[in-house]
Amino acid sequence: MEEGILEVLIVNAEDIRHTNLIGRPAYYVILQCGTKEYRTKISPGKHKKVLWNEKFKFDFPLSEWKNLTHIKFRIMDKEFFKNNGFVGETRIHLGGIIIEGTDKGFIVVRPAPYNVVLEDDTYKGQIKIGFKFIANVSLLRPQVPISFYS
């Protein structure tokens with residue numbers, strides 16, 4: 001069975017909302033694509049830029065990729081005295097990445113900034129994300145890995 005792998009690189013976020021009433025912010029991101037979900041490490045928001053620089057892999061049979069429309073990134077702020085605060089989210093449609101990646105065998109989308117959407121549908125800040133989609137893993141495994149920065 002042919003399988004596709006989507007590698008996601010979450011680089012950083014800038015100028016995002018601070019939800020803590022007391023103390024410094026501590027941000028993390030929840031990634032969700034289809035039935036799979038991952039969470040980044042917690043990163044302090046000491047300045048206007050929050051750094052994660054983490055990679056995640058989503059692998060599904062190619063037949064399932066055709067039904068997946070988007071990947072969601074929820075930025076959260078760890079809080080001590082109440083439930084973690086929702087900072088904002090970004091949804092990225094995967095149609096073009098999957099179609100072109102399937103046609104060519106792979107595609108690399110260099111890290112780029114995406115708007116962070118708040119609960120009221122306004123924007124505050126950006127999150128920088130890169131993608132690599134490999135369509136037929138069994139044929140591409142012996143080749144040299146493709147870098148996000150090549």
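This is a short tour of a predicted model, with selections to make one after another.

Residues are numbered from 1 along each chain as its sequence is written. In this predicted model, local features need pLDDT of at least 70, side-chain atom pairs count only at pLDDT 80 or more, totals for chains, interfaces and linings use all residues, and side-chain values use heavy atoms, with hydrogens and water left out.

**Stop 1: confidence.** Colour the protein chain by pLDDT (the predictor's confidence in each residue, from 0 to 100). The chain averages 86, and 84% of the residues score at least 70. Now select residues 139-144, where pLDDT stays under 50. Where pLDDT is low, the predicted coordinates should not be read in detail.

**Stop 2: a hairpin.** Select strands β2 (residues 26-33) and β3 (residues 36-39). Strands are DSSP runs of E, at least two residues, numbered from the N terminus. The two pair (at least two DSSP bridges) in the antiparallel sense, over four bridges. Cys33 stands opposite Lys36 in β3. Two residues lie between the strands, and Gly34 takes a positive phi near 60°.

**Stop 3: Ser43.** Pick Ser43 in strand β4 (residues 43-44). Is Ser43 buried or exposed? Ser43 is buried (under 20% relative accessible area, 1.4 Å probe, protein chains only), at 6%. Its side chain reaches the backbone oxygen of Leu51 at 2.6 Å.

**Stop 4: Ile71.** The largest nonpolar core (buried Ala, Val, Leu, Ile, Met, Phe, Trp, Tyr and Cys residues joined through side-chain atoms within 4.5 Å) has 32 residues. Leu6, Val8, Trp65, Ile71 and Phe73 touch the most other members. Strand β5 (residues 49-61) gives the most to this core, with five residues. Finish on Ile71: beyond four places in sequence, its contacts (heavy atoms within 4.5 Å) include Cys33, Phe58 and Phe131.

Conventions: Buried means under 20% relative accessible area, exposed over 50%, partly exposed in between (1.4 Å probe, protein chains only). A polar contact is a pair of N or O atoms within 3.5 Å; within protein, one must be able to donate a hydrogen and the other to accept it, and residues adjacent in sequence count only if both atoms are side-chain atoms.
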